[in-house]
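Trainee: Before we accept any label attached to this model, I would like to go through the reasoning behind each one.
Mentor: Then let us set values against definitions, one label at a time.

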Amino acid sequence: MGWKEAKMSWVSHLRRYGLSFILTFIISFAIWMVLSGKFDRFHLTLGVISCILVGLLSSDLLFPPTEVKRIPRQWLAFLGYIPWLLYQILLANLHVMYLVFHPRMMDLIDPHFVRFKSRFGNKMSLFIFANSITLTPGTITVDVSVHGDYMVHAIDKLSGESLPCEMEEKVGRMTGEIS
């Protein structure tokens, strides 16, 4: 393959993955600037070149072209999800604190595994749901399959009873899997 064919290959790649490339470039360049801490012409040029290569080689991995159009709506939904998740984390912290300081702590704590199947088919939904469970004190996601099978360790019966719960609904609405 000659130079002309290679150039046409990259141009067609950019046309197909344009917005994906731009998002990947912006995110990787922002990370480059924060981690390098150098803002002279030489380092910024190296950063731009490196981030262009990263964008060209991996933009379709980070932002598949079919899902790029949904990104603005998902970010807005995610910004709405964060306060709700923080509130759930606060409630779970209070519950774990109650367990720890209760005089009959050993009777109340009943560690066990909870298995359930989620309705999600999208890997990002599975990922966000698993991490949301783990961020909530008293529960840890131990295993997730690509088919939506979850295994979660819960510190007591109350923490395990609420799974899959309202959190699955919220994540599903955020990612567009549940209307």
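Trainee: Which residue forms a salt bridge with Asp 107, and how far apart are the closest N and O atoms?
Mentor: The model is a predicted one, and in it Asp 107 pairs with Arg 104, the closest N and O atoms being 3.9 Å apart. The cut-off for a salt bridge is a side-chain nitrogen of Lys or Arg within 4 Å of a carboxyl oxygen of Asp or Glu, so the label applies.

Trainee: Why is Asp 107 called exposed, and what is Arg 104 called?
Mentor: Asp 107 has a relative accessible area of 57%, and exposed means over 50%, so the name follows. Arg 104, with a relative accessible area of 48%, is partly exposed.

Trainee: How many salt bridges does a search of the whole structure find, and which of them ties together parts that are 32 residues apart in sequence?
Mentor: The search finds 6 salt bridges. One of them is made by the side chains of Lys 117 and Asp 149, at 3.7 Å from N to O. Lys 117 belongs to strand 1 (residues 112-117) and Asp 149 to strand 3, so this pair ties together parts that are 32 residues apart in sequence. Asp 149 itself is partly exposed, at 36% relative accessibility.

Trainee: What makes Arg 119 and Glu 168 a salt bridge, when their closest N and O atoms are 4.0 Å apart?
Mentor: The value of 4.0 Å is listed as a salt bridge, and the limit is within 4 Å. Arg 119 sits in the loop between strand 1 and helix 6 (123-135), while Glu 168 sits in helix 8 (residues 165-175), so the pair ties together parts that are 49 residues apart in sequence. Salt bridges with shared partners join Arg 119, Glu 168, Glu 169 and Arg 173 into one network.

Trainee: Is Glu 168 buried or exposed, and on what value does that rest?
Mentor: Glu 168 is buried, its relative accessible area being 5%, and the label holds because buried means under 20%.

Trainee: Asp 156 is buried too, so how do you know that it has no salt bridge?
Mentor: The nearest side chain of opposite charge to Asp 156 is Lys 157, which is 9.7 Å away, and a salt bridge requires the atoms to lie within 4 Å, so the pair does not qualify. Asp 156 does have a polar contact of 2.8 Å between its side chain and that of His 95, and the limit for such a contact is 3.5 Å. Asp 156 is placed in the loop between strand 3 (149-154) and helix 7 (157-161), and leaving aside its neighbours within four places in sequence, its contacts are His 95, Leu 99, Leu 108, Asp 110 and His 112.

Trainee: What makes Tyr 87 part of a nonpolar surface patch?
Mentor: Tyr 87, in helix 4 (residues 71-101), is partly exposed with a relative accessible area of 46%, and patch residues need over 30%, so Tyr 87 passes that test. Together with Leu 90, Leu 91, Leu 94, Met 97, Val 100 and Phe 101, Tyr 87 makes a patch of about 700 Å².

Trainee: Why is Leu 44 called partly exposed?
Mentor: Leu 44, in helix 3 (residues 41-62), has 26% relative accessibility, and partly exposed covers values between 20% and 50%, so the name fits.

Technical notes: Residues numbered from 1 in each chain as written. Predicted model: local features only at pLDDT ≥ 70, side-chain atom pairs only at ≥ 80, totals over all residues. Heavy atoms only, no water. Helix = DSSP H or I, 4+ residues; strand = E, 2+ residues; numbered from the N terminus. Buried < 20%, exposed > 50% of the residue type's maximum accessible area, 1.4 Å probe, protein only. Lys, Arg positive; Asp, Glu negative; His and termini not counted. Polar contact = N/O pair within 3.5 Å; in protein donor to acceptor, adjacent residues only side chain to side chain. Contact = heavy atoms within 4.5 Å. Patch = residues over 30% accessible without salt bridge, like charges linked within 9 Å, V, L, I, M, F, W, Y side chains within 5 Å. Areas by Shrake-Rupley, 256 points an atom, 1.4 Å probe, with all protein chains shown as cover.
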